[in-house]
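Please open the model in your viewer and keep the selection panel at hand. The stops below go from one selection to the next, with a note on what is found at each.

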Amino acid sequence: MVSLPSCGLYAITDAALLPGEQLFAGVEAALRGGAAMVQYRDKTASAKERRQRAGRLLAVCRSHQRPLIINDDLALALELDADGVHLGQDDGDLHAARAALGPQKLLGATCHGSLDLARSASGSGCDYLAFGRFFGSQTKSHAVPAPLAVLAAAQELQLPLVAIGGISLDNAGQALTAGADFLAVVNGLFGADDIEARAREFIQLIHAARTRDEQPRSPHDSF
Ligand SMILES: Cc1ncc(COP(=O)(O)OP(=O)(O)O)c(N)n1
Ligand SMILES: Cc1nc(C(=O)O)sc1CCOP(=O)(O)O
Ligand SMILES: [Mg+2]
């Protein structure tokens with residue numbers, strides 16, 4: 001059983017950016033670069049192809065002891081004994097998913113910019129809450145915009161918070177400062193010429209933000 005890290009880079013696959021064998025090489029590179037978690041997201045392949053690809057990705061992730069989350073498809077996650085599933089608002093009931101997965105597997109939910117959705121997801125036994133999109137996304141340009149302030153508001157739920165949507169090296173700091181624990185990235189990671197190096201760059205930003213947060217306040221601080 002691979003558990004959820006406390007923070008990090010959440011690498012989400014894309015069939016157009018990673019065609020054919022590039023899917024496996026790209027995910028391997030992201031993991032070598034230090035990605036904390038991988039999501040297999042594929043809106044175009046057949047059910048058979050998705051089963052084959054997800055099975056191979058699971059082996060890749062297992063070799064790095066990192067969780068593989070299946071997007072949308074609880075049945076596939078259960079069939080493959082993957083590490084968990086990510087469900088959006090139209091992807092099925094979260095309570096039922098938790099019951100089917102059991103307590104050990106990971107369940108993530110899309111909460112857009114809504115604290116009410118986040119509270120409900122938390123009550124359904126989710127392991128992390130995803131918010132976004134925070135920036136313009138090439139992968140999903142029609143995704144509903146969300147304000148960064150929802151990340152501060154969601155701290156009350158005491159679950160890991162995932163920021164998604166148009167995240168790049170240039171704006172990642174804003175999401176981290178606002179309270180994100182994980183950066184979920186598609187194009188900003190898998191669109192890079194050197195995926196491993198890009199993953200390392202994101203992780204440096206995440207670690208820098210964590211280190212800043214953990215620094216004790218100086219006696220000269222005015223707050
Ligand atoms: C980590 C993470 N956050 C949000 C999503 C989006 O899920 P959903 O709203 O179901 O949209 P699709 O990804 O299915 O298009 C996600 N996949 N992962
Ligand atoms: C899959 C997805 N969900 C979103 C949401 O807002 O729920 S945004 C998004 C696309 C993320 O890809 P990129 O990092 O390329 O913008
Ligand atoms: Mg979905």
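## A tour by selection

Begin with ligand 2 and the residues around it: in this predicted model, 16 residues surround ligand 2, and the closest are Arg133, Ser137, Thr139, Val186 and Asn187. If you colour this shell by residue class, you will find that it divides into 5 nonpolar, 9 polar and 2 charged residues.

Select ligand 1 next, which is surrounded by 16 residues, the closest being Gly88, Thr110, Ala130, Ile164 and Ala184. Which strands each supply at least two residues of the shell around ligand 1? Show the strands as cartoon and look for strand 1 (8-12), strand 5 (106-110) and strand 7 (161-164), each of which does so. By class, the shell around ligand 1 comprises 6 nonpolar, 6 polar and 4 charged residues.

For a wider view, select residues 9-188, where an unreviewed UniProt entry places the feature "domain: Thiamine phosphate synthase/TenI". Over this range the chain is 37% helix and 19% strand, and the C-alpha atoms at its two ends are 11 Å apart.

Now turn to the helices, selecting helix 1 (residues 22-32) together with helix 2 (residues 47-63), whose axes come within 10 Å and cross at roughly 25°. Because angles under 35 degrees count as roughly parallel, helix 1 is described as roughly parallel to helix 2. The crossing of this pair, helix 1 with helix 2, is right-handed. To see the contact itself, show the side chains of Leu23, Phe24, Val27, Glu28 and Leu31 on helix 1, and those of Arg53, Arg56, Leu57, Val60 and Cys61 on helix 2. Sorted by class, the residues of this contact are 7 nonpolar and 3 charged, with no polar residue among them.

Keep helix 1 selected and add helix 9 (residues 195-214) for the last stop: the axes of helix 1 and helix 9 come within 7 Å and cross at roughly 35°. The crossing of helix 1 and helix 9 is likewise right-handed. Here the contact is made by Gly26, Ala29, Ala30 and Arg32 of helix 1, and by Ile195, Glu196 and Ala199 of helix 9. What classes of residue make up the contact of helix 1 with helix 9? The residues divide into 4 nonpolar, 1 polar and 2 charged.

Conventions:
Residues are numbered from 1 along each chain as its sequence is written. Chains are lettered from A and ligands numbered from 1 in the order in which they are written. This is a predicted model: local features need pLDDT of at least 70, side-chain atom pairs count only at pLDDT 80 or more; totals for chains, interfaces and linings use all residues. A residue is near a molecule or strand if its C-beta atom, placed from the backbone, lies within 6 Å of it. Ala, Val, Leu, Ile, Met, Phe, Trp, Tyr, Cys and Pro count as nonpolar, Asp, Glu, Lys and Arg as charged, and the others, Gly among them, as polar. UniProt positions are given in the numbering used here, feature names are shortened, and annotations may be inferred rather than shown by experiment. Helices (H or I, at least four residues) and strands (E, at least two) are DSSP runs, numbered from the N terminus. Axes are lines fitted to C-alpha atoms, for helices over the stretch in contact, and angles run from 0 to 180 degrees between N-to-C directions. Angles under 35 degrees count as roughly parallel, over 145 as roughly antiparallel, 65 to 115 as roughly perpendicular and the rest as oblique. A crossing is left-handed if the near helix is turned anticlockwise from the far one by less than a right angle, and right-handed if clockwise. Two residues are in contact if their C-beta atoms, placed from the backbone, lie within 7 Å.
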